[in-house]
Amino acid sequence: MVSMLRILVFSALLVFGVFTSSSWAEEKLVNLTRLQMFVDELPDMPRIQGFQVVNGVPKPRSFKIGMYQKKWKFHRDLPESTVYAYGTSKHTATVPGPTIEALNGISTSIRWQNNIHSTKHILPWDPTIPTAAPSTKNGIPTVVHLHGAIGEPESDGNANSWFTAGFRVRGSTWSKKTYRYYNQQQPGNLWYHDHTMGLTRVNLLAGLVGAYIIRHPNIEAPLGLPYGEFDRTLMVFDRAFSTDGSIYMNPTGNNPSIHPQWQPEYFGDAIIVNGKAWPKLTVRRRKYRFRIINASNARFFKFFFANGLRFIHVGADSAYLTKPVTSREILVGPSEITDVVVDFSESKTNNAILANGAAYPYPSGDPVNEANSKVMKFTILPHSEVDTSRVPAKLIHYHVPDLSTASQTRYIAMYEYTSNIGEPTHLYLNAKPYEAPATETPKAGTSEIWYVINLTEDNHPLHIHLGLFVVLDQTDLVNVEEFKDCMTKRNDAVKCQVSKYARGNKTEVPAHEKGWKNVFKMRPGCVTKILVRFAYIHTNASYVFDPTAEPGYVYHCHILDHEDNAMMRPLKIIR
């Protein structure tokens, strides 16, 4: 069934001229060692208020954000790049898109408008993987997912709810033009990005990403954390560029006879922050808050300051921590968010380089090089100043994880499949394609225990839509190949006696990741135990929307090349 679908899609796209040009393969890559670092100022992305104030009272707001094809300059000495960008107009569209600032309890409605009229994507894409295939030549499919949102299924950005320019062609689960975000959840950091079936990796590479913050002034103001100009979002991702300035993506797959273009991971050596390669920012000798979002396709970052400055963690993903945690380095997987305070008054130098030490692919790939080991530079003004902001001893206390309340135990196994030349061909969760009926059907308002079994050699950041979870423990598998052989044959963790094999070394969950998360890094050869809550964490109130509505939700690996092929499964909430 799936293979026949792929053949039909492949044939259709050949007709539409997707592969009419071989120019991608002929382009030359920029030698990044010739680009000077730290020459562009760090942009502060445009902000859009997700509410309106009427007679001093905040009220729901509705507005439009478009997707546009335009030119964007990633570095002073690079030619302009063609990108896809979010914005209220083509002129104001940016990469990343505008930061949307919402208020807890006040809904925001956005009509996401696809204004990309081109019939040919700016990047190579592979129709031999499950892919959104418009039945006409009119436009590029897109759909928006608000990552970290606790919201209705109809506005979740299902991969098959895609649409082309003017909504002329729509995917099978498309149902509405305007998405409603209730913003009833805890205050925290979210981000929005494309989520189109089979095109997520290329649409994000093209620029379709942006930040979204839910604020709760009555709860957050008393904390005294840095705010205003001292509260900055940093959206970090990697890119490669051709000499003409275009974003480069390898047009040849690792198994070209099976997948002409698909590669298991995308990496670029230029590290981009808020749309600029290796930017710089002048800061005062005081505390700053940085909401750091890893918007890379596959790159993990191990952030640290070259001069030894500390990170004070106040939040992870979309929730505050109970109390602050201090560290010298942070491992951040694709799509994860780390919310930190940095006190530049502690610096013994006038410059601080934010650096990266994560191998790629993580954890056993190539070591960092001169280009991808640098992120950005902070120039610290020499004079000390009065700083009235603080990091309190206690932050925000949420629902305490309680194993006794778990209504269900599930086993989620991660598989990678290879060709006869040993190269990956696709990845599955629980050995099932996305199109197979949902097998994960949690009840609304309940918690479940999930044992995530990683049978691959990669670290996979698992993202669960709607749900929040706490990581309880990580246990290495013993006799991995024996267990993997049984799982490959039977795909049943209980029948394969997972408890017999999950008795290796335990890896401590980092203190700054012990709070409520929506993404976590699943270590290779390891069983990770999580408690997933399909309810709010800040109140016992029921969802204000119907979570059982169609088209439901999904959970998936957030390495986008894996998600697209086809490490994603439906998640159907029931009563």
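This passage describes the overall dimensions, a five-stranded sheet, a strand pair near the C-terminal end of the numbering, the empty spaces and several individual residues of a predicted model.

The predicted model contains seven helices and 32 strands. Its radius of gyration is 23 Å, close to the 25 Å that the globule rule gives for 575 residues, so the protein is as compact as a globular protein of that length. Measured out along the principal axes, the C-alpha trace spans about 65 × 60 × 50 Å, and buried residues account for 61% of the 575 residues.Among the strands of the protein, five form an open sheet with mixed pairing, in the order β14-β22-β21-β16-β19. The edges of this sheet are β14 (280-285) and β19 (329-332), each of which pairs on one side only, and the twist from one strand to the next averages 25°. Within the sheet, β21 (residues 351-356) and β22 (residues 374-384) run antiparallel and are joined by five bridges, with asparagine 351 standing opposite threonine 379 of β22.

Strand β16 (residues 301-305) has antiparallel partners in both β19, to which four bridges join it, and β21, to which it is joined by three bridges. On the β19 side, phenylalanine 301 stands opposite valine 332, whereas phenylalanine 305 has leucine 354 of β21 as its bridge partner. In a regular strand the side chains alternate between the two faces of the sheet. Such an alternation is found along β16, where Phe301, Phe303 and Phe305 point to one face and are buried, while Lys302 and Phe304 point to the other face and are not buried.

A contrasting arrangement of side chains is found in strand β32 (residues 568-571), both faces of which are covered: Met568 and Pro570 on one side, and Arg569 and Leu571 on the other, are all buried. This strand runs antiparallel to β31 (residues 553-557), and four bridges join the two. In this pairing, tyrosine 555 stands opposite arginine 569 of β32.

The empty spaces of the model were examined next. Rolling a probe the size of a water molecule over the atoms shows where empty space is left. The largest pocket has a volume of about 450 Å³, and of the 25 residues that line this pocket, Ala240, Tyr248, Tyr266, Phe267 and Gly268 are the closest to its centre. By class, the lining of the largest pocket divides into 13 nonpolar, six polar and six charged residues.

In addition, the structure holds twelve cavities of 30 Å³ or more. The second largest cavity, with a volume of about 60 Å³, is lined by residues that include Ala316, Ile330, Leu331, Val332, Glu336, His512 and Lys521. The elements that give two or more residues to this lining are β19 and β20 (337-343), and β19 provides the largest share, three residues. Five nonpolar, two polar and four charged residues make up the lining of the second largest cavity. Valine 332 thus appears both in the lining of this cavity and as the residue opposite phenylalanine 301 in the pairing of β16 with β19.

Three individual positions illustrate the range of settings along the chain. Aspartate 231 is found in strand β11 (residues 231-239) and has a relative accessible area of 6%, so that it falls under the 20% limit and is buried. Its C-alpha atom lies 33 Å from that of glutamine 474, and the two residues are 243 residues apart in sequence.

Proline 260, by comparison, is placed in the loop between β11 and β12 (270-273). Its relative accessibility is 25%, and it therefore counts as partly exposed. Although proline 260 and proline 124 are 136 residues apart in sequence, they are 9.8 Å apart in space, C-alpha to C-alpha.

Arginine 390 is found in the loop between β22 and β23 (406-418). With a relative accessible area of 40%, arginine 390 is likewise partly exposed. The C-alpha atoms of arginine 390 and arginine 286, which are 104 residues apart along the chain, are separated by 10.0 Å.

How values were computed
Residues numbered from 1 in each chain as written. Predicted model: local features only at pLDDT ≥ 70, side-chain atom pairs only at ≥ 80, totals over all residues. Heavy atoms only, no water. 1 Å grid on protein atoms, 1.4 Å probe; cavity = no way out; pocket = protein on both sides within 12 Å on 5 of 7 lines; lining within 4 Å. Points joined across faces, edges and corners; volume = space filled by probe spheres on them. Nonpolar A, V, L, I, M, F, W, Y, C, P; charged D, E, K, R; others polar. Pairing = 2+ DSSP bridges. Axes fitted to C-alpha atoms, helices over the stretch in contact; angles between N-to-C directions. Rg over C-alpha atoms; globule rule 2.2 N^0.38 Å. Buried < 20%, exposed > 50% of the residue type's maximum accessible area, 1.4 Å probe, protein only.
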